[in-house]
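Welcome, and thanks for taking a look at this model with us. Please open the structure in your viewer and keep the sequence to hand while you read.

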Amino acid sequence: MSFSTILGHQPRIDAFRQIVANQRLAHAYLFVGPPGVGKRLVALELAKAILCEAPGPSPAVLDACDSCAACLLVQAGTHPDLFQVARPEDKNEFPIAVMQELCRNFSFKAARGHGKIAIIDDADDFNDESANCFLKTLEEPPPGSLLILLGTSLDRQLSTIKSRCQMVRFAPLSDEHVRKLLTKQGIDNPSLIERLVRLAAGSPGQALALADETLWQFRRALLQGLTQPRIDSVALSRQFVEFAEQAGKDAPAQRRRVNQMLRLLIEAFTDVLRIQAGASARSAEPAELPLLASLAQRAGPDKIQAVLERCLETETQVGRYVQLSLVVEGLVDALGQILDHAGSLPARHLGFAN
Ligand SMILES: [Zn+2]
């Protein structure tokens, strides 16, 4: 893969071509933009183009050949002069040990003679300790080396880091680009593509994470459970926990899945509010519309608002590493209570009077 396959970031790529052609590449860049818009992809492609060992036509053409030994090593994730680090998924902050190891590795001579490059993800999560350990390398990296930090917002960067990096801003992609990328990834269901484009808000990474059909199937099962005359919270939360566990044995994968489901539930209940306000649902497929309509009848906007608040609160709990099964049980139980007690509407409004 080369720069030509990256959608939506041409101005930034052109700027890097210009900078490299003028031999003005800085030693540290901070890429800032929403998650999932392609920052890592551009960083990796830039690294590959710089480390590429094919005799290029001119540096101004900054692009990887994709076939020399160095390009193949980058693609395999095993290039000895390219380091990629990130905050471990089960930690809230960037551990100092990760930075110490990176700085140590960075102090050795480049193995293949084309300089050294580090891509440092989750720059948002540096603490003072890990940032301080990194400052010396950031200030005086070995000659020919390049550090690329990735963060989601400028506000979340420590001033010590910000002041030592050139900033490159990444904006969300257009819906058209997200649509194209989803199609390229083999998603061919037009209704799913439209729902994903809307949910993604310009982030193909987010769209792809939600493209898994099983997420949507399980959302429907949950909505079905929540529209029953008597909500069986125990059975529903057990199903929810099992669904999370199907994401894999490791806790981060399960947390990701619960967060994705929360995202889809929030969308569904936002649609319920829309229906109550006389508008049409946006993130539902046709088969879900009767379920959303039933929820809209069952509980007033204040109750649906309470459901939404509970879902948002749960997102925070998942991020705080509370035991996942407890978080899920707490959520389903609360939704059951809010919606069950909402059954004060006369039964004929709920569609099961007869
Ligand atoms: Zn190459």
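The report below goes from the overall layout to the sheet, then to one residue and a pair of helices.

**Overall layout**

Please keep in mind that this is a predicted model. Its secondary structure comes to 15 helices and five strands. Along the principal axes, the C-alpha atoms of the protein fill a box of roughly 80 × 40 × 35 Å. The domain assignment splits the protein into domain 1 (3–169) and domain 2 (212–350). Taken over C-alpha atoms, the centres of domain 1 and domain 2 are separated by 40 Å.

Two whole-protein figures are handy to have at this stage. Of the 354 residues in the protein, buried ones make up 34%. Among contacts in the protein with a separation of 6 or more, 74% are between residues 24 or more positions apart.

**The sheet**

In what order do the five strands of the open sheet lie? The order is 2-3-4-1-5, and the pairing is parallel. Strand 2 (82–85) and strand 5 (166–169) are the edge strands, each pairing on one side only. From one strand to the next, the twist averages 15°.

Strand 1 (residues 28–32) makes a good place to look in detail. It joins strand 5 through four bridges, and the two run parallel. With strand 4, strand 1 pairs in the parallel sense over five bridges. Strand 1 is also mostly covered, as four of its five residues are buried. If you would like to check the register in your viewer, the table gives some of the residues that stand opposite each other.

| Residue | Opposite residue | Strand of the opposite residue |
|---|---|---|
| Tyr29 | Gln166 | strand 5 |
| Val32 | Arg169 | strand 5 |
| Val32 | Gly151 | strand 4 |

Val32 thus appears twice, standing opposite Arg169 in strand 5 and opposite Gly151 in strand 4.

**A closer look at Ser145**

Next comes a residue of strand 4 (residues 145–151), namely Ser145. Is Ser145 buried or partly exposed? Ser145 has 19 other C-beta atoms within 10 Å, so it is partly exposed; a buried residue needs 20 or more. Leaving out residues up to four places away in sequence, Ser145 touches His27, Phe106, Gly115, Lys116 and Ile117. Leu210 offers another reference point: Ser145 and Leu210 are 65 residues apart in sequence, and their C-alpha atoms are 36 Å apart in space.

**Helix 4 and helix 5**

Phe106, one of the residues that Ser145 touches, also takes part in the contact of helix 4 with helix 5. Two packed helices are described by the angle between their axes and the distance between the axes. Here, the axes of helix 4 (residues 96–107) and helix 5 (residues 128–139) come within 8 Å and cross at roughly 10°. Angles under 35 degrees count as roughly parallel, so helix 4 is roughly parallel to helix 5.

Which residues make the contact? Helix 4 contributes Ile96, Met99, Gln100, Cys103 and Phe106, while helix 5 contributes Glu129, Ser130, Cys133, Phe134 and Thr137. By class, the residues of this contact divide into six nonpolar, three polar and one charged.

Terms used
Residues are numbered from 1 along each chain as its sequence is written. This is a predicted model: local features need pLDDT of at least 70, side-chain atom pairs count only at pLDDT 80 or more; totals for chains, interfaces and linings use all residues. Axes are lines fitted to C-alpha atoms, for helices over the stretch in contact, and angles run from 0 to 180 degrees between N-to-C directions. Angles under 35 degrees count as roughly parallel, over 145 as roughly antiparallel, 65 to 115 as roughly perpendicular and the rest as oblique. Two residues are in contact if their C-beta atoms, placed from the backbone, lie within 7 Å. Ala, Val, Leu, Ile, Met, Phe, Trp, Tyr, Cys and Pro count as nonpolar, Asp, Glu, Lys and Arg as charged, and the others, Gly among them, as polar. Domain bounds come from an automatic or database domain assignment. Two strands pair if DSSP finds at least two bridges between them. A residue is buried if 20 or more other C-beta atoms lie within 10 Å of its own, exposed if 12 or fewer, and partly exposed in between; C-beta atoms are placed from the backbone.
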